[in-house]
Amino acid sequence: VNLSGSGNANGGSMSSATDGAPSSFSDRVFRFLERVETRIAKTDAEREAAFRLRYDAYTRIAWIEPRSDGRLFDERYDNADNALITLTFVDGELAATTRLNLGVGTDAVLPSMGVYPDLIAPRLRAGLTLVEATRLAADIRISGSNPQLAYVALRPIYMSLAHFDVDLA
């Protein structure tokens, strides 16, 4: 994907002649990124905001039953030493989150080990580095008016692959 705006068939212009709006999807995502900040949740307040966003998203689509605490928190996976909770902000407002679990070594805590141990364990024993992305969630109001959010919310996953030199995701 060419995000630079050059190299397209009309001489590099990515804007519509009639309204000045970006004409390609990649250009719209690139411009949207100017409004986006992504970081890892470090404070208790940031983590709680991610857990509430998950809860709102998952109850909205009836994947979980309503709970009195109003949050979706997985003690084992969210508190694991290998867990990173990502936060994606649009115009300063929390818009999306995902949890990344980095799998290194045979004692790695990964949600997939409970479902696919026959596939995951041999790869860990072989010394491969794995990243597992789970608990993706987005604010319905922000995503409804910004369809690019779905792609931008996945960006931390892809960045982690390069950062940790991951063999398998």
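The following paragraphs lead through the fold of this predicted model, from the chain as a whole to single residues.

The protein chain contains seven helices and four strands. Read along the sequence, these elements follow the pattern α-β-α-α-β-β-α-β-α-α-α. The chain has 169 residues, of which 41% count as buried. Its accessible surface comes to about 9,800 Å², and carbon and sulfur atoms make up 54% of that area. Among the contacts with a separation of 6 or more, 58% are made by residues 24 or more positions apart.

The four strands form an open sheet in the order β1-β2-β3-β4, with antiparallel pairing. β1 and β4 are the edge strands, each of which pairs on one side only. From one strand to the next, the twist averages 20 degrees. Strands of a sheet pair through backbone hydrogen bonds, either parallel or antiparallel.

The pairing can be followed residue by residue. β2 and β3 run antiparallel and are joined by eight bridges. Along this pair, alanine 83 stands opposite asparagine 101 in β3, and threonine 86 stands opposite threonine 98 in β3. The two strands form a hairpin with two residues between them, where aspartate 91 takes a positive phi near 50 degrees. β3 is also joined to β4, by seven bridges, and this pair too runs antiparallel. Here leucine 100 stands opposite alanine 133 in β4.

Strand β3 is mostly covered, since 10 of its 11 residues are buried. Threonine 97 lies in this strand, which comprises residues 93-103. Threonine 97 has a relative accessibility of 3%, and because the cut-off for burial is 20%, this residue counts as buried. Its side chain reaches the backbone oxygen of threonine 86 at 2.6 Å. Beyond its neighbours within four places in sequence, threonine 97 is in contact with Ala50, Leu53, Arg54, Ile85, Thr86, Leu87, Arg135, Leu136 and Ala137.

Several of these names lead to helix α2, which comprises residues 44-60. Its 17 residues, at 1.5 Å a residue, should span 24 Å, and the end C-alpha atoms are 24 Å apart, so the expected and modelled values agree. An α-helix has 3.6 residues a turn, so residues three or four places apart point the same way. The buried residues of α2 are Glu46, Arg47, Ala50, Phe51, Leu53, Arg54, Tyr55, Ala57 and Tyr58. What covers these buried residues includes the strands β1 (36-40), β2 (83-90), β3 and β4 (130-138), together with the helix α3 (75-78). After α2 comes alanine 62, which has a positive phi near 60 degrees.

The edge strand β4 contains alanine 138. With a relative accessible area of 29%, alanine 138 is partly exposed, because this value falls between the limits of 20% and 50%. Not counting residues up to four places away in sequence, alanine 138 touches Leu53, Ala57, Ala95, Ala96, Ser143 and Leu149. Of these, Leu53 and Ala57 are among the buried residues of α2. Alanine 138 and threonine 97 are 41 residues apart along the chain, while their C-alpha atoms are separated by 6.5 Å.

A further set of contacts to the sheet comes from helix α7, residues 155-163, in which isoleucine 157 is placed. Isoleucine 157 is buried, since its relative accessible area is 11%, under the 20% limit. Leaving out residues up to four places away in sequence, isoleucine 157 touches Thr98, Leu100, Ala133 and Leu136. Two of these contacts, Leu100 and Ala133, are the residues that stand opposite each other across β3 and β4. Thr98 is the residue opposite threonine 86 in the pairing of β2 with β3. The C-alpha atoms of isoleucine 157 and threonine 98 are separated by 8.4 Å, although the residues are 59 apart along the chain.

In summary, the open sheet runs in the order β1-β2-β3-β4. Its strand β3 is mostly covered, with bridges to β2 and to β4. Threonine 97 in β3 touches residues that include Ala50, Leu53 and Arg54, which belong to the buried residues of α2, while isoleucine 157 of α7 touches residues that include Thr98 and Leu100.

Note on methods
Residues are numbered from 1 along each chain as its sequence is written. This is a predicted model: local features need pLDDT of at least 70, side-chain atom pairs count only at pLDDT 80 or more; totals for chains, interfaces and linings use all residues. Side-chain values use heavy atoms; hydrogens and water are left out. Buried means under 20% relative accessible area, exposed over 50%, partly exposed in between (1.4 Å probe, protein chains only). A polar contact is a pair of N or O atoms within 3.5 Å; within protein, one must be able to donate a hydrogen and the other to accept it, and residues adjacent in sequence count only if both atoms are side-chain atoms. Contact means heavy atoms within 4.5 Å. The expected span of a helix is 1.5 Å times one less than its number of residues. Two strands pair if DSSP finds at least two bridges between them. Axes are lines fitted to C-alpha atoms, for helices over the stretch in contact, and angles run from 0 to 180 degrees between N-to-C directions. Accessible areas come from the Shrake-Rupley method with a 1.4 Å probe; for residues, only the protein chains shown count as cover.
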